[in-house]
Amino acid sequence: MGFLEKKKKSIFYYFKKRSKLTKFYDDNEEFILYCLVSVICTLVLFIVFYLVNLLTNGNYMLANFISYVSSFTLLYVLDERVFKSKPSKKKHRYRQMIIFIVIRTIGFPIDSYVLYLLINKCHIRHLLAKVVGSLIMFVYNYICNKLFVFNMKE
């Protein structure tokens, strides 16, 4: 009987651990989903950046612009779901979209300047510089989305 009781306790222990994991996910769902969405959009960003940079013989600024626009378009659609913010009124939806675009428009020169500094002043390879710039922009985008874009009340 002692062996079976020990076995039951260990199974119960694993269920208890799973509930801690579930609680962690529930407490941090928005951020976890934002990270997942960001990974997807970053993959799109890097693939487009790499291909355009390759096709334009190293025109990293053009590659940065095209990859930035393509990934932030996808990001807007996915972020609406992450932040559970899809206004029902067209007026609010347009306002949200405009604020998103303005924040991305402000972010693009920051991203480009970081890229310029890392490539031209620090002599870092294009793709590695893009990784560093993307990490900086991840923080900027999350904070701006949370505070200004997807917090609107109807």
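Student: Is Val39 buried, partly exposed or exposed, and what is its relative accessible area?

Tutor: In this predicted model, Val39 has a relative accessible area of 48%, and because the partly exposed class runs up to 50%, Val39 counts as partly exposed. The residue sits in helix α1, and its C-alpha atom is separated by 9.8 Å from that of Phe138, although the two are 99 residues apart along the chain.

Student: Phe138 has a ring, so how should I read an aromatic pair, and which residue forms one with Phe138?

Tutor: A pair of aromatic rings is described by the distance of the centres and the angle of the planes. The structure holds twelve aromatic pairs. In one of them, Tyr34 and Phe138 lie 5.5 Å centre to centre with 40 degrees between the planes, which makes the pair tilted, because that class takes the angles that are neither under 30 degrees nor over 60. The pair links distant parts of the chain, with Tyr34 in helix α1 (residues 2–55) and Phe138 in helix α4 (residues 126–149), 104 residues apart.

Student: Which accessibility class does each partner of that pair fall into?

Tutor: Tyr34 counts as buried, at 1% relative accessibility, whereas Phe138 is partly exposed, with a relative accessible area of 24%.

Student: Which residues do ring pairs link into a cluster?

Tutor: The cluster is made up of Phe65, Tyr68, Phe72, Tyr76, Phe100, Phe108 and Phe150.

Student: How do I read the packing of two helices, and at what angle do α2 and α3 cross?

Tutor: Two packed helices are described by the angle between their axes and the distance between the axes. Here the axes of helix α2 (residues 60–82) and helix α3 (residues 90–121) cross at roughly 145 degrees and come within 10 Å, and the crossing of α2 past α3 is right-handed. Sorted by class, the residues in the contact of α2 with α3 are 14 nonpolar, five polar and five charged.

Student: Which members of the largest nonpolar core touch the most other members?

Tutor: They are Phe83, Phe100 and Phe150, in a core of 18 residues, to which α1, α2, α3 and α4 each give two or more residues. Another core, of ten residues, lies apart from this one and includes Val48, Phe49, Tyr60 and Ala129.

Student: What is Phe83 in contact with, leaving aside its neighbours within four places in sequence?

Tutor: With those neighbours left aside, Phe83 is in contact with Glu30, Tyr34, Tyr142, Asn145, Lys146 and Phe150. Tyr34 appears here again, having already been met as the ring partner of Phe138.

Conventions:
Residues numbered from 1 in each chain as written. Predicted model: local features only at pLDDT ≥ 70, side-chain atom pairs only at ≥ 80, totals over all residues. Heavy atoms only, no water. Phe/Tyr/Trp six-rings, centres within 6.5 Å; stacked < 30°, edge-to-face > 60°. Helix = DSSP H or I, 4+ residues; strand = E, 2+ residues; numbered from the N terminus. Buried < 20%, exposed > 50% of the residue type's maximum accessible area, 1.4 Å probe, protein only. Axes fitted to C-alpha atoms, helices over the stretch in contact; angles between N-to-C directions. Left-handed = near helix turned anticlockwise from the far one by under 90°. Nonpolar A, V, L, I, M, F, W, Y, C, P; charged D, E, K, R; others polar. Core = buried A, V, L, I, M, F, W, Y, C linked by side-chain atoms within 4.5 Å. Contact = heavy atoms within 4.5 Å.
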